[in-house]
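Let's walk through this one together, starting with charged pairs and working towards the sheets and the core. Keep the viewer open as you read.

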Amino acid sequence: ASRAIDVRAQIDGRVTEGLVNKGAPVKEGDVILKLAIDERKARLDESQALLRQRELEHAAAKDLQQRGFRSDTNLAQATAQLDAARAQVQRMQVELSNTVIKAPFDGVIGHERAELGQYLRVGDKAANLVDLHPLLIVGYAAEREVSYLTPGAPGMARLIDGTTVEGVISYVAAQAEAATRTYRFELTTPNEDGRIRSGLTAEVMIPVLSGLAHRLSPAVLWLADDGALGVKIVDDKNRVRFLPAWDDWPSDDAA
């Protein structure tokens, strides 16, 4: 998977609703779980009432200060109390919003998800979320091969069920794995319908060199005195010449 994370609780609370089942697809912002609100709504109402009181006190202090009946210190104290009341309301609003646990990106709910009635503490796992689009096909190249791999180059992979998919190299490691001395590379392939599952075995094929070739029947191949395998041709001067099968071709006068 291109991304796989554990969505965790940001506050303590008991799971009151589980809106998404294991294995279900979700969109960014979809609600996965809801935690009990408990007394949080009452505390928010209390904080908002205190804020309204602080606003009135600040307005009165400002008016008296402008008329010369209150000092600047009194106004500063009222301003600080107003700011503290606003901050308390914001904290309670955030805490209340954290009772709703949402998907941070499009994906599929994994095999781990908190159950109804389960009590979660801060940092406990609420659900596992996996992003299968795009999908990463991971391979390891030997030291002699890695120089042929370039980000942006095309590639393809044959899955264990015979399905062939195409992709683009998105990453080539700059440092070898300590144990194997091989270099990790990633092939990114689209998987919009989610039909390819994470963890499948695949055979990766990356075209690294290209050249002109011609298919010949083995019947026309000859073995030269030095052991080279090739074909005999007739050039433009009606002379028979021998050309190796996989070597640099001669100049244009060889026809």
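A salt bridge here is a side-chain nitrogen of Lys or Arg within 4 Å of a carboxyl oxygen of Asp or Glu. Keep in mind that you're looking at a predicted model. D63 and R67 make the cut, with their closest N and O atoms 3.2 Å apart. As for how open the two partners are, D63 is partly exposed at 36% relative accessibility, while R67 counts as exposed, with a relative accessible area of 53%. Salt bridges can also share partners, and that is how D6, R8, E112 and K125 end up joined into one network.

How many salt bridges does the rule give in total? The count comes to 17. Take K22 and E115, whose closest N and O atoms sit 3.8 Å apart. K22 is in the loop between β2 and β3 (25-26), and E115 is in the loop between β6 (107-113) and β7 (119-120), so this pair ties together parts that are 93 residues apart in sequence. K22 is partly exposed, at 47% relative accessible area, and E115 is partly exposed too, at 37%.

Now look at K41 and D45, which meet through their side chains in a salt bridge of 3.0 Å, N to O. Both belong to helix α1 (residues 40-66), and because they are 4 residues apart there, about one helical turn separates them. K41 has a relative accessible area of 41%, which makes it partly exposed, and D45, at 34%, is partly exposed as well.

Next, the strands. Strands of a sheet pair through backbone hydrogen bonds, either parallel or antiparallel. Strand β2 (residues 13-18) runs antiparallel to β4, with 3 bridges joining them, and E17 stands opposite K34 in β4. β4 also pairs with strand β5 (residues 100-102), again in the antiparallel sense and over 3 bridges. Across that pairing, the bridge partner of L33 is I101 in β5.

L33 is a good residue to click on next. Leaving out residues up to four places away in sequence, L33 touches V15, E17, G18, T99, V100, I101, R113, A114 and A126. Which residues have the most contacts inside the largest nonpolar core? They are L33, L120 and L129, in a core of 19 residues. β4 (31-35) and β8 (125-131) each supply at least two residues of this core. Apart from it lies another core, of 18 residues, including L135, V146, V172 and A176.

Further along the chain, 3 strands form an open sheet in the order β14-β15-β16, with antiparallel pairing. β14 and β16 (240-244) are the edge strands, each with a single partner, so one side of each has no neighbour in the sheet. β14 pairs with strand β15 (residues 229-234) over 2 bridges, and L223 stands opposite L229 in β15.

Those two leucines turn up again on the outside. L223 and L229, along with L216, V220, L221 and W246, make a nonpolar surface patch of about 600 Å². L216 sits in the loop between β13 (202-205) and β14 (222-223). Is L216 buried or exposed? L216 falls in between: its relative accessible area is 44%, so it counts as partly exposed.

Technical notes: Residues numbered from 1 in each chain as written. Predicted model: local features only at pLDDT ≥ 70, side-chain atom pairs only at ≥ 80, totals over all residues. Heavy atoms only, no water. Patch = residues over 30% accessible without salt bridge, like charges linked within 9 Å, V, L, I, M, F, W, Y side chains within 5 Å. Areas by Shrake-Rupley, 256 points an atom, 1.4 Å probe, with all protein chains shown as cover. Buried < 20%, exposed > 50% of the residue type's maximum accessible area, 1.4 Å probe, protein only. Core = buried A, V, L, I, M, F, W, Y, C linked by side-chain atoms within 4.5 Å. Contact = heavy atoms within 4.5 Å. Pairing = 2+ DSSP bridges.
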